[in-house]
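Please look through the model below before reading my notes. The points follow in no special order.

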Amino acid sequence: MMGKRLGRTAAFVALWRQLRAAHRGGPSLGTRLRALPRMFRASLRRRDRYDGLWRLLLMVVALIYLAWPLELMPELLMGPVGLIDDAVVLTWLAGAVISETGRYLAWEGRRAAIPTQAVAPEQTTAAKRTA
């Protein structure tokens with residue numbers, strides 16, 4: 001029981017820290033949510049891939065868990081206690097989305113700052129000769 005309590009506390013603390021960090025000048029929630037499809041595509045690319053694929057898969061599993069009609073702790077039988085597992089998963093999912101989209105947006109910004117094609121030295125000397 002103590003381990004579950006510590007896990008829940010850690011999940012809430014992580015979410016609180018991410019929400020505070022996002023509020024202090026990080027990207028807005030809308031920007032983060034719009035980045036999700038780009039993040040999935042960037043994780044599936046073969047070249048210049050974003051390295052968050054496993055975290056994204058865990059987020060999908062969490063969404064499936066929340067939407068699945070069968071529960072580990074059913075609300076009808078256990079009352080409010082049955083909502084605890086959903087609350088923990090939802091809290092983790094919210095924190096993971098905020099954290100991972102922040103990481104992705106930073107990665108996307110660094111990637112945009114790097115030129116996609118470097119000009120070869122032969123091209124610059126050939127251009128100078130023709131001018």
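**Notes on the predicted model**

1. At 62% relative accessibility, leucine 70 counts as exposed, the term for over 50% relative accessible area (buried is under 20%, partly exposed in between; 1.4 Å probe, protein chains only). Leucine 70 sits in the loop between α3 (53–67) and α4 (75–78).

2. This is a predicted model: local features need pLDDT of at least 70, side-chain atom pairs count only at pLDDT 80 or more, and totals for chains, interfaces and linings use all residues. Residues are numbered from 1 along each chain as its sequence is written, and side-chain values use heavy atoms, with hydrogens and water left out.

3. The chain has six helices and zero strands. Helices are DSSP runs of H or I with at least four residues, strands runs of E with at least two, numbered from the N terminus.

4. Of the 131 residues in the chain, 24% are buried. The largest nonpolar core (buried Ala, Val, Leu, Ile, Met, Phe, Trp, Tyr and Cys residues joined through side-chain atoms within 4.5 Å) has 16 residues, and Met39, Tyr50, Met59 and Tyr104 touch the most other members. Two or more residues each come from α2 (29–44), α3 and α5 (84–113). The largest share, seven residues, is from α5.

5. Which residues does methionine 59 contact, leaving aside its neighbours within four places in sequence? They are Trp92, Leu93, Ala96, Val97 and Glu100, where contact means heavy atoms within 4.5 Å.

6. Of the contacts in the chain with a separation of 6 or more, 66% are between residues 24 or more positions apart.
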